[in-house]
Amino acid sequence: MSKQIFRIPGEPLLDPVSHGRGGPHGAGGRLTPAQVEQIRRTVRRAPEVVVKVLPRDSNSLKAAGKHLDYIGRYGELDLETDDGEQLQGRVGKALLEEWDLDIDDVRRQADLAATKGRKPPKLIHKLMFSMPPGTPPDKVLGAVRNFAREEFALQHRYVLVLHTDEPHPHVHVVLKAISEQGVRLNIQKATLRHWRAEFARHLRLLGVPANATERAVRGESRKAKKDGIYRASLRGESTYVRAQAEAVASELLKGDFRVERGAQPLTETRGEVLRGWHGVASQLAKEGQLDLAREVKRFVDQMSPPWTERQWTAHELQQHVPASPTREPPITR
């Protein structure tokens, strides 16, 4: 785990390993206004932005065309290009030809012939930007439009489209993997952190409260489910979720519930996060921002336990099953 957990664009917000000793960097050891605003948004639980790289196949012309038609709802929605043009109808194939992806595909196949066994590189990147239910969809679209213009214009060809058929408004972006200068875009974790921060910034510029923090910093230990599992669980049809619940229930009934090895790293990470937040509260108090320091302390006190998914499943099952007259099944062992 990187020790610099709390971040704002371009600089760390604090170093939890220092436990707040020595104060933050810059501004003569004082928190900068940007850092204070990041703290305030986080402890007041401003809506968190989501940026995903969709995992579906995108290393063939056929798959790329299918995805473009899918996000356009097979002609029902207009696709907006990087030059602001609105494309109507099923335009996937025509758009790929305009982007010269067929030429990229030929080059890629030649490269693969020289390096047998390697996975084909992507022709496109499939991104999704979303916000919680209740966020104005037009603001989400505007923020993504402005974000894409700043990040990709004159470099990578792209199209985007707003979807409002689910409670959370979200925008799909299809991005050509090879730039106009012939440079391939490789998306790393740092890339996604930067994109999240910039998406949140563009939303705030449009008057929408938005934040971009690490899950651990917010005291959240539950990882987001994979898209397919999440959608199936919403319908009550997830075999994965059902199998996990049945396995945990069986162990609880036998009094033999055991926590997997992943519990220890979660506990250790939480310890670092707590020390970091206590350091922030102390620094705020030193700078005379007593109200915000108290908000930080309340925020820390309200954090949920650093449990694994199996521990959360056990806890939820115990809430719905009457406790034994002698003892409750243990959640940890």
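I will go through the fold of this chain, starting with the overall picture and ending with a pair of helices. Please keep in mind that this is a predicted model.

The chain has 333 residues, and 42% of them count as buried. Its secondary structure comes to 11 helices and 8 strands. The exposed surface is about 18,400 Å², with carbon and sulfur atoms supplying 53% of that area. On contacts, take the ones between residues at least 6 apart in sequence: 69% of these join residues at least 24 apart.

Now the sheet. Six strands, by number, make up an open sheet in the order 3-6-8-7-4-5, and the pairing is antiparallel. Which strands are at the edges? Strand 3, residues 50-53, and strand 5, residues 86-87, each pair on one side only.

Let me walk in from the strand 3 edge. Strand 3 is joined to strand 6 by 4 bridges, and the two run antiparallel. Within that pairing, Val51 has Phe129 of strand 6 as its bridge partner. Helix 6, residues 189-205, packs on the sheet here and touches strand 3 and strand 6. The direction of helix 6 makes about 140° with that of strand 3.

Next is strand 6, residues 124-130, which pairs with strand 8 in the antiparallel sense over 7 bridges. In that pair, Ile124 stands opposite Lys176 of strand 8.

Strand 8 deserves a little time. How many of its residues are buried? For strand 8, residues 170-176, the count is 7 of the 7, so the strand is largely enclosed by the rest of the structure. In a regular strand the side chains alternate between the two faces of the sheet. Here, His170, His172, Val174 and Lys176 point one way, while Val171, Val173 and Leu175 point the other way. Both sets are buried, and that includes the lysine and the two histidines just named.

On the other side of strand 8 comes strand 7, residues 158-163, joined to strand 8 by 6 bridges and running antiparallel to it. The two form a hairpin, with 6 residues between them. Two positions to look at on screen: Leu162 stands opposite Val171, and Tyr158 stands opposite Leu175. Strand 7 is mostly covered too, with 5 of its 6 residues buried.

Moving on, strand 7 pairs with strand 4 in the antiparallel sense over 2 bridges. Thr81 has Val159 of strand 7 as its bridge partner.

One more helix belongs with the sheet. Helix 2, residues 61-71, lies across strand 4, strand 6, strand 7 and strand 8. Relative to strand 8, helix 2 runs at about 155°.

Last, the helix pair. Helix 5, residues 137-152, packs against helix 6 at an angle of about 130°, and their axes are 8 Å apart. An angle over 145 degrees would count as roughly antiparallel, and helix 5 and helix 6 are therefore described as oblique to each other. The crossing is right-handed. Which residues make the contact? From helix 5 they include Val140, Ala143, Val144 and Phe147, along with charged ones such as Lys139 and Glu150. From helix 6 they include His194, Trp195, Phe199, Arg201 and Leu203.

To recap, helix 6 has two sets of partners here: strand 3 and strand 6 of the sheet, and helix 5. That is the end of the walk-through.

Terms used: Residues numbered from 1 in each chain as written. Predicted model: local features only at pLDDT ≥ 70, side-chain atom pairs only at ≥ 80, totals over all residues. Heavy atoms only, no water. Buried < 20%, exposed > 50% of the residue type's maximum accessible area, 1.4 Å probe, protein only. Pairing = 2+ DSSP bridges. Contact = heavy atoms within 4.5 Å. Axes fitted to C-alpha atoms, helices over the stretch in contact; angles between N-to-C directions. Areas by Shrake-Rupley, 256 points an atom, 1.4 Å probe, with all protein chains shown as cover. Parallel < 35°, antiparallel > 145°, perpendicular 65-115°, else oblique. Left-handed = near helix turned anticlockwise from the far one by under 90°.
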